[in-house]
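This report describes selected parts of one structure. Two helices, a bound ligand and a single strand residue are taken in turn.

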Amino acid sequence: MFLTDDIVYLKGVGPTKAKVLASELGIRTAGQLLEYFPFRYVDRSSLSRIADLTEESGYVVLRGTVSNLQTVSTGPRRERLTADFSDGSGTMQLVWFAGTKWARERLKAGVQYLVMGKPTLFNGQWQLSHPEMETSEEQDHSSFPFLPVYNTTEKMKQHGLGTRALARLTETLCGCAAGIEETLPADVLGKYHLLGRREALLAIHYPASTDQLEAARTRLKYEELFFLQLDYQYAHSERQLHSAGRVFTTVGECFNRFFREKIPFPLTEAQKRVIREIREDMRSGRQMNRLLQGDVGSGKTLVALMCMLLALDNGCQACLMAPTEILATQHYYTFQRMLDGLDISVELLIGSRRPAEKKKTKERIATGATQIVIGTHALIEDDVRFRDLGLVVIDEQHRFGVEQRARLWAKSSVPPHILVMTATPIPRTLAMTLYGDLDCSVIDQLPPGRHPVRTYHRTEPRRPLVFSFLKKQIDAGRQVYFVYPIIHDNPKLDLRDLEDGLEMVQNYFPRPQYQVSMMHGQLTAEEKAFEMDRFKQGKTHIMVATTVIEVGVDVPNATVMVIENAERFGLSQLHQLRGRVGRGGEQSYCILMTKDRLSHTSAERIRTMCSTTDGFEIAEADLRLRGPGDIQGLQQSGVLDLRLASIVDDEPLVAATRNDVRDILGADPTLAAHPILLRYIEQSKNKMLWGKIS
Ligand code: ADP
Ligand code: MG
């Protein structure tokens with residue numbers, strides 16, 4: 001049977017089952033069934049005994065006989081079938097709620113059965129509902145030591161496609177499969193002694209030993225990651241070949257004057273290196289697509305500013321897009337302050353400004369009178385046209401969707417250089433897979449004189465101590481943030497939590513001695529700017545806020561961040577929030593307030609926060625705790641489609657495939673010598689790829 005054959009022709013399938021396989025699993029061909037891998041195996045040599053079962057036993061295999069079949073009516077046309085099952089060590093109950101007639105006809109007293117499933121304790125007795133069963137005879141004819149276990153759905157079970165039935169199908173298929181071609185280059189196979197594709201596909205269903213299973217899994221994981229890398233890197237090299245970029249050769253007046261007269265502090269070595277990397281890119285003749293990673297507070301803004309000045313020196317405009325109005329506004333003021341006296345026109349474009357003002361700004365952008373534009377989503381509206389946009393900087397990229405970035409990119413006939421900045425660190429493995437085609441720069445050094453933020457976990461009973469600590473800090477001239485999570489779908493309810501918090505804080509810190517600001521998403525842009533400003537100037541001592549201050553806000557004199565209900569925040573969010581303090585020379589603190597009892601993962605998050613300030617470590621922990629499925633941006637990436645490989649556990653394989661693909665494309669950029677790979681690329685070209693538009 002060939003892999004391209006319709007699954008309906010496989011012995012044991014037929015039209016009804018074929019339909020169910022297609023609708024439930026998308027399996028239409030023999031090849032697709034062969035690539036439906038077991039998610040675990042049952043070692044038939046290790047039978048469990050009923051007498052030894054514990055809550056931790058999980059999925060077990062038992063051997064014994066059934067007796068005492070009983071059908072109980074549980075409603076109109078509904079019944080339950082029970083049977084006792086004994087294995088000599090004890091007795092348990094088997095239960096069916098559906099398909100009772102079918103089960104009843106097949107169960108025979110006195111016959112030896114293998115029973116598989118996950119028993120649960122019910123009223124002090126072990127029970128197994130809808131067990132997978134086969135007679136000892138059935139299983140004796142199969143000589144494999146491990147039985148594959150497949151994921152199945154309720155509907156599949158109803159149509160006789162439970163995991164045992166699927167196993168019988170794959171066993172048949174493995175015996176007759178033809179046309180399994182090798183897909184990996186021979187030298188790669190040789191280099192790692194990988195199993196051939198055919199051998200691996202058969203062995204992953206029916207391994208002869210644990211070693212063989214391991215070898216099969218390794219081969220198939222490698223293959224999976226290899227083709228993911230090939231997708232990204234091929235797209236990358238195509239872009240390098242075909243997308244011409246502007247050539248920024250000049251380092252001129254803007255950059256030099258800023259560097260000589262205005263720069264507020266010496267650059268860190270990491271900042272210098274990154275600026276050099278970006279400069280190289282921008283004069284290479286190719287379009288730059290660079291990801292700039294740097295932990296919170298590492299000084300990405302200054303890097304962005306200096307790169308934008310380079311664009312200006314080469315006759316172009318530059319823009320900076322930020323995810324929130326607060327942040328855009330803050331950048332705008334920072335830029336104005338730093339560029340003061342240099343005769344460079346900087347403008348702010350955010351949605352909440354008056355239409356007439358926006359219109360004027362847009363006109364000046366179109367004529368080129370405005371050289372640097374800072375804004376939010378408002379920048380990507382269709383009526384924003386640049387005279388000549390040479391560089392786009394995107395701050396805190398995780399907040400922007402792929403599509404939005406693509407729209408910015410389309411704003412110029414020759415694509416502008418793109419610099420994407422993020423402080424939400426991306427775990428190394430993820431960066432390698434997701435951004436296989438993006439160049440990456442890292443600012444791995446904080447400006448001098450920073451002390452790592454000290455982080456503590458506190459619960460309600462110790463609140464008075466926390467408050468008296470805050471008092472000391474404020475009396476010493478420092479400022480404090482209180483942050484509340486967004487809990488409700490309803491902004492009004494969230495606001496009430498915040499107002500309750502404000503009241504509590506004000507009770508303890510009475511006016512006029514202490515001034516408290518409140519900041520949340522419901523305020524108008526002007527109100528936000530006003531509150532931010534007062535806090536920045538030190539006119540208020542405490543800012544009570546929702547997560548609107550999460551990203552980028554920069555007030556170096558603030559030294560304490562109190563996060564209320566910290567158990568409700570994700571790790572990367574906590575890390576971002578904590579990054580709001582520790583920005584000046586003073587020792588800073590982060591206090592995580594939680595309720596008494598925490599779930600396992602919340603406790604783990606809090607522990608991680610208290611034990612490290614390293615963004616990369618936190619990102620790795622985040623990935624471990626949540627799994628890649630929840631990490632933003634992954635939905636579009638294809639990484640979630642990985643069937644075997646794990647971004648978390650298979651880092652060495654990720655690295656190996658990345659390097660191997662790089663070597664192959666380096667020596668053979670058009671893949672002329674690799675027809676199988678080229679065919680793969682041609683087939684996958686129609687798929688939307690994240691890498692192409694980042
Ligand atoms: P982030 O990388 O989180 O965006 P910012 O660009 O906001 O960080 O910088 C954090 C703070 O560090 C700012 O107050 C900025 O002025 C300051 N800073 C940036 N670069 C340096 C430097 N080389 N030396 C000292 N302070 C710096
Ligand atoms: Mg920033």
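In this predicted model, helix H20 (residues 571-578) is largely enclosed by the rest of the structure, because 6 of its 8 residues are buried. The buried residues of H20 are Leu571, Leu574, His575, Gln576, Leu577 and Arg578. They pack against strands E17, E18, E21 and E22 and against two helices, H21 (600-611) and H22 (615-626).

Helix H17 covers residues 463-475. Its 13 residues reach 18 Å from the first C-alpha to the last, close to the 18 Å expected at 1.5 Å a residue. Buried positions in H17 are Arg463, Val466, Phe467, Leu470, Gln473 and Ile474. Seen down the axis of H17, these buried residues fall within an arc of 115°, so they line one face of the helix. On the other side of H17, Pro464, Leu465, Lys472 and Asp475 are exposed.

The cover over the buried residues of H17 includes five strands and a helix: E17 (454-459), E18 (479-483), E20 (542-545), E21 (558-563), E22 (589-594) and helix H18 (491-508). Strands E17, E18, E21 and E22 are also among the elements that the buried residues of H20 pack against. Just after H17, Gly477 takes a positive phi of about 95°.

The ligand site comes next. Around ligand 1 there are 16 residues, of which Gln271, Gly297, Lys300, Thr301 and Arg450 come nearest. Three polar contacts of ligand 1 are listed below.

| Residue | Protein atom | Atom of ligand 1 | Distance |
|---|---|---|---|
| Pro266 | polar backbone atom | nitrogen | 2.9 Å |
| Gly299 | backbone N or O atom | oxygen | 3.1 Å |
| Arg450 | polar side-chain atom | oxygen | 2.7 Å |

Taken alone, ligand 1 exposes 560 Å², and the protein buries 86% of that.

The last item is Gln317, which lies in strand E11 (residues 317-321). Is Gln317 buried or exposed? With a relative accessible area of 2%, Gln317 is buried, because the cut-off for that class is under 20%. The side chain of Gln317 reaches the backbone oxygen of Thr370 at 2.9 Å. Leaving aside residues up to four places away in sequence, Gln317 touches Ala311, Leu312, Ile365, Gly368, Thr370, Gln371, Phe386, Arg387, Asp388, Leu389, Gly390 and Leu391. Thr370 thus appears both as a residue touched by Gln317 and as the one whose backbone oxygen the side chain of Gln317 reaches.

How values were computed. Residues are numbered from 1 along each chain as its sequence is written. Chains are lettered from A and ligands numbered from 1 in the order in which they are written. This is a predicted model: local features need pLDDT of at least 70, side-chain atom pairs count only at pLDDT 80 or more; totals for chains, interfaces and linings use all residues. Side-chain values use heavy atoms; hydrogens and water are left out. Helices (H or I, at least four residues) and strands (E, at least two) are DSSP runs, numbered from the N terminus. The expected span of a helix is 1.5 Å times one less than its number of residues. Buried means under 20% relative accessible area, exposed over 50%, partly exposed in between (1.4 Å probe, protein chains only). The arc is that of the directions from the helix axis to the C-beta atoms. Contact means heavy atoms within 4.5 Å. A residue is near a molecule or strand if one of its heavy atoms lies within 4 Å of it. A polar contact is a pair of N or O atoms within 3.5 Å; within protein, one must be able to donate a hydrogen and the other to accept it, and residues adjacent in sequence count only if both atoms are side-chain atoms. Accessible areas come from the Shrake-Rupley method with a 1.4 Å probe; for residues, only the protein chains shown count as cover.
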